[in-house]
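Q: Please take a close look at a single part of this predicted model. I should like a connected account of one strand pairing, the sheet around it and a residue of interest within it.

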Amino acid sequence: VTPPVLLAPESPATGDDLVATLDGEPSDPDDDVVTLKISWFKNGQPMSSFDDKMTVGAVATTLGDTWSVVVKSHDGHMYGNVSQEKVDVVNGLPSLESATITPAQAFTDTPLTCTGDGWSDPDGSEPAWTYAWTVAGAVAEGETQDLLPPENFAKTQPVVCTLTPFDDWGNGEPVE
């Protein structure tokens, strides 16, 4: 008898490993040693390179794939129960490491520019993000581009640029 297989994460995104775990230990009513035969399938096709492995690395998964794992127990004499679990790979959200405002030392007649640094998207999407500027804690109305004109801030006012990375399927975490 083999306990049910759990496939984690439950809703994997590109960039996530697929991990098969057992909900408990395999057992046999005769106390025979139980071995497991693990088989992986991608979009219904056998993926023999992952046979008898509990993990499929993220590099093998792609947005839209359907992966399943089948586990058979064997007590040395006969096969026992078969457990199977299936998941669909969903979008992995993009990320940015930071937002940078230049020049670092500005004057009241200096436009500010915001750029994103460290783009990453497990699906391979092209870099894209939205801009949001705040001046002295208030939203700089109408300023949604990379440039903040000098008439939008005054001397000693703190200026923050927030970038939100996105792809065709969703938004990542904002960075300042």
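**A strand pair and its surroundings**

A: Strand E10, which spans residues 129–135, is joined to E13 by seven bridges, and the two run antiparallel. Within this pairing, Thr 130 has Thr 164 of E13 as its bridge partner. The pair belongs to an open sheet of four strands, ordered E11-E10-E13-E14, with antiparallel pairing. Its edge strands are E11 (138–139) and E14 (170–171), each of which pairs on one side only.

Strand E13 covers residues 159–167, and Asp 167 is found in this strand. The side chain of Asp 167 is of particular interest with regard to charge. Asp 167 is buried, yet it has no salt bridge. The nearest side chain of opposite charge is that of Lys 42, 18 Å away from Asp 167; since a salt bridge requires the side-chain nitrogen and the carboxyl oxygen to be within 4 Å, this separation does not qualify.

Asp 167 does have a polar partner in the backbone: a polar atom of its side chain lies 2.9 Å from the backbone nitrogen of Trp 169. Beyond its neighbours within four places in sequence, Asp 167 is in contact with Asn 91, Gly 92 and Pro 94, and also with Asp 121, Asp 123 and Ser 125. Three of the residues just named, Asp 121, Asp 123 and Asp 167 itself, count as negative.

Conventions: Residues are numbered from 1 along each chain as its sequence is written. This is a predicted model: local features need pLDDT of at least 70, side-chain atom pairs count only at pLDDT 80 or more; totals for chains, interfaces and linings use all residues. Side-chain values use heavy atoms; hydrogens and water are left out. Buried means under 20% relative accessible area, exposed over 50%, partly exposed in between (1.4 Å probe, protein chains only). A polar contact is a pair of N or O atoms within 3.5 Å; within protein, one must be able to donate a hydrogen and the other to accept it, and residues adjacent in sequence count only if both atoms are side-chain atoms. Contact means heavy atoms within 4.5 Å. Two strands pair if DSSP finds at least two bridges between them.
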